[in-house]
Amino acid sequence: MHRNVVHESRRISKSHNHCPPIQYWIFPRLHRFPLYLKGASPASISLRLFQQFLLRLQRIPKKIVRLISLAISGMDAKDVEEDEFGFSRNYFLAKDLRGSGKKSTRKLSDIDLVDEQELREAASRIEIKHEKDIGLLVDSYKSLYSKWAFDLRCGFGLLMYGFGSKKSLLEDFASSALTDSGVVVMNGYLQSVNIKQVVIALAELLWDQMKAKRKTSIGGLQKTQQPFSSQSMEDLIAFMDGSQMKDSDLWDKKMVHTQFNWCWYHVPTFMPYKLEGMFFPLILASSGTSQNAKTAAIVLQRMPVNDLYGVCRERFLVSSQVTLNSHLTEFKDHELVKTRRHSDGQDCLYIPLTSEALQKVLQQI
Amino acid sequence: MAPSKTPDSPPPSSSTDDSENSLQPFFVLHKALPQKGGGRVNRSGKSKRKINLSASPESAFKSGGGEQFEEDADYHFEQLRIEAFDVVWPKIETTIKEVLRNINGSVFNKIHDWICDSFHAIRSARKPSVWQISCPYPLATDISSRQIHTGLVFTKNVEFVDDLVTFKDLSMHLRSKGCHVVSLSSLDFSGKHGLGGCLRSLLRQLLLVSPDSADVSILASWYREPENCDSPLVMIIDEMERCGGLILSDFILMLSEWVVKLPVILILGIATTDDSLRNVLQLNVLQHLRPCTFSLGSPAGKLDAIIEAVFLKNWSGFYIGHEVVAFFRNYFSMQDGTVTSFIRALKIACTKHFLMEPLSFLCEGFVHEDFQGFWTEKCSSLRKPILKYASDLPSCETRHKSSGVTCESLAFGLSEMKKQHKDWVSVLLCLYEVAKLTKVPLLGIFCEALDPKLYNLRASPNYFAEKIRNLEASAVKKSEIVQLVRRVRNSAGAPLRQLLLAWGKHTEDIAEIHVKLKELENILEDEENTVSQECDEATFKRLKSRSHLNARRVNDKAAELMECMIKNYLRPMECTPLHEIVCFKQVKMLKLALIGDPRRTIQIDLLKSHNYLHYNCGPEGGNAPLRSMHDTAILYTLAQEHGDLINLHDWFQSFKSIILVPSPSKKRKSGHRTPDHRATQDAKQETTSAVRYCRAKNEYNICRLILTPYKRGGRCRSRKAKQP
């Protein structure tokens with residue numbers, strides 16, 4: 001019972017405007033949010049462990065960077081992962097080169113592209129192929145729920161892989177088989193995941209569970225009667241949708257042994273990646289270029305750096321240029337603020353949001 | 001699929017909530033529900049589990065009563081298995097921890113002694129005066145007095161995973177002995193954080209605060225406190241090779257400046273050789289180190305010790321089959337080589353066993369003092385269906401074919417298994433004694449001793465003679481056990497005597513063997529006495545040659561005894577009736593749980609989608625793209641034809657041509673329609689195919705089977721796994 005479940009299912013497209021390589025973005029910039037919890041509250045030990053868990057995840061962004069470069073460079077010789085499959089690639093390359101004389105030079109622009117709005121509407125209406133079989137397939141996994149729960153109970157994390165979205169399957173599993181644990185779902189396909197908020201939510205959940213545990217223990221419930229009692233809160237149950245990952249992409253050996261304890265499960269669902277793919281561009285849509293222009297136009301509140309210091313000082317926000325710079329570095333790291341060279345040669349700062357969004361943010365603050 | 005509605009589950013969320021939740025970066029699906037005493041909290045209506053009795057026995061449960069009974073029995077056994085797992089696995093885990101602690105214990109003690117000596121040496125040679133202590137800057141002295149006592153701990157392990165635990169244990173050990181201990185990792189010495197980073201980490205660990213400025217003088221003033229200054233200050237850096245050389249060099253130079261006021265003792269974990277010190281550190285830094293070397297046990301040695309403790313000396317009731325051990329052996333030697341991953345694999349095997357094997361709760365009996373009482377009690381409560389299941393176990397099919405397994409025979413069978421295992425262990429330990437002479441690892445012998453096929457082969461009378469003859473042929477796969485028997489045959493004098501003594505200890509409970517051993521020992525003793533009593537040189541030579549012949553005879557007899565022990569008592573677990581209850585043999589399942597191969601598997605999923613979605617896959621077994629296929633599977637099949645670089649345009653056209661193949665009846669119908677209507681239909685079809693293509697391609701992207709360039713309209717690069 002003293003567990004949290006983090007369900008992570010991630011697929012993030014960094015930009016909406018073009019089709020980027022897939023990037024895994026688990027806890028972006030986690031190291032910016034070190035959480036040092038002190039005191040001797042009942043939950044402090046577990047929280048400290050949890051903190052360690054999170055702090056250790058600091059290395060993930062590096063891995064992501066590696067992955068991005070891997071994806072962009074494509075067939076780079078440094079790409080170990082690609083080398084592993086060298087044989088098949090070489091075979092196909094050879095095959096490809098043989099027929100290079102006939103290589104097609106046609107482009108997507110040769111096709112009559114459909115209007116994006118129309119395409120998206122059609123996409124929402126389109127019926128799912130093999131819906132009945134998919135339903136049966138997903139239902140067939142219900143018999144495995146108790147096995148998965150048993151694995152979780154034994155201290156393993158579950159790593160589900162195989163073709164098809166597993167979001168609803170995992171949520172159903174958590175809703176029906178893990179009712180005695182708190183469950184937090186992290187939608188990793190969204191790039192707005194803020195680790196600080198997640199940590200607070202998890203800490204609150206853990207705190208509630210600790211309180212509940214104390215109540216039940218006062219009530220005289222035996223330890224052995226509690227399904228997850230043998231494992232204390234120090235274990236954070238995690239299960240993860242790993243359909244398209246290679247384990248080395250997200251964690252290194254040290255983390256596998258110290259932070260995660262994965263038990264792999266092959267769970268193909270063939271369910272559509274509806275939510276996971278919602279930020280992916282439709283490549284046959286015709287409005288891609290206008291979208292680019294729109295984004296480029298979202299440059300607001302531009303202000304030269306020197307002016308900014310003056311304003312901030314006036315408002316008693318900062319007392320020195322050094323403090324301001326440290327704040328700005330932080331903001332830049334989080335991509336909350338970007339710089340652009342002004343026509344007069346000065347560096348300008350801008351917030352990459354639309355004016356409406358910015359106004360909304362200001363209202364909320 | 002909406003979350004299922006169960007009595008215990010929270011109220012089902014509406015579809016609006018679902019869509020809102022899916023746009024939230026994170027959300028709380030539900031909070032933990034308060035438990036109801038003794039209730040089935042983690043069992044919901046939807047996840048009711050049937051004990052998997054593999055095929056036929058499943059029906060056996062059904063014959064035992066109504067559904068309620070089935071469910072109760074099912075739940076009852078599941079609880080029993082969970083309880084048994086909670087007894088068995090912690091025992092294995094404790095045994096392992098103890099083994100590792102014992103292996104490291106002697107090295108840890110040596111390190112501590114050296115630390116004490118070093119500390120006294122620093123103090124006696126360079127005791128600072130009161131003035132020196134209170135001055136706020138380091139004391140400048142000559143180079144020799146600025147040397148730091150440095151313990152180089154060779155881990156003999158390129159993989160550092162095991163050493164993480166070892167160094168953690170070391171710091172705990174030293175702390176328990178009163179030292180101030182700081183553990184620094186290679187991350188602290190990365191270029192990103194600089195020298196300030198490791199100083200901050202140091203201060204955080206010792207002073208338990210995060211200071212704004214990282215200054216070594218803060219540390220010096222902390223150490224000056226009366227309660228701190230009488231203990232050595234030990235800094236452990238576990239992965240020296242991975243540290244940033246410049247920062248580590250600066251760190252050491254800085255400490256050497258302060259060494260009079262801060263008697264720091266460094267411990268560096270080194271995976272390779274001491275050459276790495278020269279590679280990582282600058283030359284001028286090396287002269288500030290006064291090294292002393294220590295060696296930890298090798299991973300293979302640790303693994304042998306774990307196997308000996310877990311499966312031979314302190315058996316906890318869970319066993320692994322020959323194939324699983326062979327897999328572990330390969331996994332350890334070829335893939336990873338860390339004790340940590342071996343333990344993890346063992347835990348997965350144990351979990352799977354208690355999950356899959358309905359009778360596995362009986363394993364708990366092996367750790368009970370009154371094991372017979374335990375089994376009698378547990379077995380007497382078993383009902384017919386489960387006894388029928390036990391009778392149907394492959395290992396019981398011949399023995400209990402007519403009568404079937406009863407409560408009594410089940411309890412008796414388990415007691416027999418325990419006794420038989422004890423004999424097996426005795427003989428294996430005798431073999432291990434021989435192996436120690438030639439430094440052969442236990443894992444190989446353990447694996448061979450568990451092989452049921454080899455056991456059957458060994459039953460033939462001339463097995464060992466033939467195998468020993470064949471040992472000379474290099475092409476033949478050499479049996480470890482046969483080599484050990486040959487080693488016994490070739491042993492003489494003191495080693496043989498030592499061997500017989502050790503065997504005597506291991507076979508105390510096997511009377512037949514013990515008697516034969518005593519006889520052999522007496523013969524050997526007589527021969528030695530005769531030789532030592534005669535002093536005349538001529539007779540000494542004569543007797544020595546006779547004694548040599550006799551010794552040969554004793555060797556042969558010892559080898560014969562060894563063969564006899566192996567044939568009669570080295571009966572693998574898998575040849576024992578009811579072994580399925582304690583023995584995990586599902587190597588495939590273990591592999592799947594341990595080593596996921598997502599990219600390859602996802603391609604197989606797409607290639608064999610007809611196995612999951614039941615459509616007609618055509619004459620080629622699903623390799624040709626068909627309209628009835630899943631859209632992404634069609635794209636995958638087409639990508640196979642395209643090769644490594646895929647032209648998006650051509651890909652789309654091929655996809656469209658497959659999904660839009662018009663049926664003949666459709667063609668006829670369309671003939672009656674107006675051109676406008678046909679154009680609308682065509683546009684509709686064009687949009688549908690575009691949508692389906694985009695969606696399938698995005699799914700293909702999500703599965704990371706393709707890399708799409710930034711530039712629109714280009715080509716994609718297909719990322720193929722080994723051809724499934």
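Colleague: Which residues in helix 27 of chain B do I634(B), L635(B), L638(B) and H642(B) in helix 26 of chain B meet?

Modeller: This is a predicted model in which local features need pLDDT of at least 70 and side-chain atom pairs count only at pLDDT 80 or more, while totals for chains, interfaces and linings use all residues. Residues are numbered from 1 along each chain as its sequence is written, chains are lettered from A and ligands numbered from 1 in the order in which they are written. With contact taken as C-beta atoms, placed from the backbone, within 7 Å, the residues met in helix 27 of chain B are W651(B), S654(B), F655(B) and I658(B).

Colleague: How many charged residues does the contact of helix 26 with helix 27 of chain B have?

Modeller: Ala, Val, Leu, Ile, Met, Phe, Trp, Tyr, Cys and Pro count as nonpolar, Asp, Glu, Lys and Arg as charged, and the others, Gly among them, as polar. By class, the contact has six nonpolar residues and two polar ones, and the number of charged residues is none.

Colleague: Are helix 26 and helix 27 of chain B roughly parallel or oblique to each other?

Modeller: The axes of helix 26 (residues 631-642) and helix 27 (residues 648-659) of chain B come within 10 Å and cross at roughly 130°. Angles under 35 degrees count as roughly parallel, over 145 as roughly antiparallel, 65 to 115 as roughly perpendicular and the rest as oblique. The two helices of chain B are therefore oblique.

Colleague: Which residue is the bridge partner of H180(B) in strand 4 of chain B?

Modeller: Strands (E, at least two residues) and helices (H or I, at least four) are DSSP runs, numbered from the N terminus. Strand 3 of chain B runs parallel to strand 4 (residues 233-237) of chain B, and five bridges join them, where pairing requires at least two bridges found by DSSP. In strand 4, the partner of H180(B) is L233(B).

Colleague: How many residues of strand 3 of chain B are buried?

Modeller: A residue is buried if 20 or more other C-beta atoms lie within 10 Å of its own, exposed if 12 or fewer, and partly exposed in between. Strand 3 (residues 180-184) of chain B is largely enclosed by the rest of the structure, because its buried residues number four of the five.

Colleague: Which residues does I252(B) touch, not counting those up to four places away in sequence?

Modeller: I252(B) lies in helix 8 (residues 245-257) of chain B. With 22 C-beta neighbours inside 10 Å, I252(B) counts as buried. Beyond four places in sequence, I252(B) touches I148(B), V285(B) and H288(B).

Technical notes:
Axes are lines fitted to C-alpha atoms, for helices over the stretch in contact, and angles run from 0 to 180 degrees between N-to-C directions. Two residues are in contact if their C-beta atoms, placed from the backbone, lie within 7 Å.
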